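Please look at the chain as a whole before turning to its parts. The paragraphs below proceed from the overall fold to the strands, the helices and the charged side chains.

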Amino acid sequence: MADNLDILQGTLDVMVLKTLSWGPRHGYAIARWIRETTDDVLQIEEGALYPALHRLERRGWVEAEWGLSENNRRARYYQLTTAGRRQLRAEAADWARYSTAVSRVLAVG
């Protein structure tokens, strides 16, 4: 099922922001957290993740610095900025309203 799911750009952005709300992570760790949190339903490919991270960085919602991964490899670690935390709160509220509305439509008859 995961291979057939197309994740809209805004959906991926809010999931990345939420992932980073738990602390700085490198790209692979972000993708792994989303995959594990969704019980393997959502699998984020590099071709979608890194453009999203760069987009969020350009918007000032995340910042990045080089560090060492758990495997002692050089990796770019991303973390939320203050503006990113504000954006996450706003987008999470929007998603809650949207999700409730869609659930109501699907629950009818």
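Two residues are said to be in contact when heavy atoms of theirs lie within 4.5 Å of each other. In this chain, consider the contacts with a separation of 6 or more: residues 24 or more positions apart account for 52% of them. The model under discussion is a predicted one.

The chain contains four helices and three strands. Read from the N terminus on, these elements follow the order α-β-α-α-β-β-α. The C-alpha trace spans about 55 × 30 × 20 Å along its principal axes. Of the 109 residues in the chain, 33% are buried. The accessible surface of the chain amounts to about 7,300 Å², and carbon and sulfur atoms supply 51% of that surface.

The strands may be considered next. Strand E2 comprises residues 62-68, and strand E3 comprises residues 74-80. E2 and E3 pair in the antiparallel sense, and seven bridges connect them. Which residue of E3 stands opposite Glu63? The residue in question is Gln79. A further bridge links Leu68 to Arg74 in E3. E2 and E3 together form a hairpin, with five residues between the two strands. Within the turn, Asn72 has a positive phi of about 65°.

E3 also pairs with strand E1, which consists of residues 25-26. E1 and E3 run antiparallel, and two bridges join them. One residue that takes part is Arg25, whose bridge partner in E3 is Tyr78. E3 is thus a strand that pairs with E1 and with E2.

Attention now passes to helix H2, which covers residues 27-37. Which residues of this helix are buried? They are Gly27, Ala29, Ile30, Ala31 and Ile34. Glu36 also has its place in helix H2, but Glu36 counts as partly exposed, because its relative accessibility is 47% and the partly exposed class lies between 20% and 50%. From C-alpha to C-alpha, Glu36 and Met15 are 13 Å apart in space, while 21 residues separate them in sequence. Just after H2, Asp39 takes a positive phi of about 50°.

The charged residues form the last part of this account. The chain carries 15 positive and 14 negative charges, and the mean positions of the two groups are 7 Å apart. How many salt bridges does a search of the whole structure find? The search finds five. One of the salt bridges joins Asp13 and Arg55, with the closest N and O atoms 2.7 Å apart. Asp13 belongs to helix H1 (residues 9-20) and Arg55 to helix H3 (residues 46-58), so this pair ties together parts of the chain that are 42 residues apart in sequence. Both Asp13 and Arg55 are buried.

A salt bridge also forms between the side chains of Arg76 and Glu57, at 2.9 Å from N to O. Since Arg76 lies in strand E3 and Glu57 in helix H3, the pair ties together parts that are 19 residues apart in sequence. Are these two partners buried or partly exposed? Arg76 is partly exposed, as its relative accessible area is 25%, and Glu57 is likewise partly exposed, at 27%. Elsewhere, salt bridges that share partners join Asp13, Arg55 and Arg59 into one network.

The side chains of Arg35 and Asp40 also meet in a salt bridge, at 3.3 Å from N to O. Arg35 is partly exposed, with a relative accessible area of 24%. Asp40 counts as partly exposed too, at 43% relative accessibility.

Conventions
Residues numbered from 1 in each chain as written. Predicted model: local features only at pLDDT ≥ 70, side-chain atom pairs only at ≥ 80, totals over all residues. Heavy atoms only, no water. Buried < 20%, exposed > 50% of the residue type's maximum accessible area, 1.4 Å probe, protein only. Pairing = 2+ DSSP bridges. Areas by Shrake-Rupley, 256 points an atom, 1.4 Å probe, with all protein chains shown as cover. Lys, Arg positive; Asp, Glu negative; His and termini not counted. Charge placed at Lys NZ, Arg CZ, Asp CG, Glu CD. Salt bridge = Lys/Arg side-chain N within 4 Å of Asp/Glu carboxyl O.
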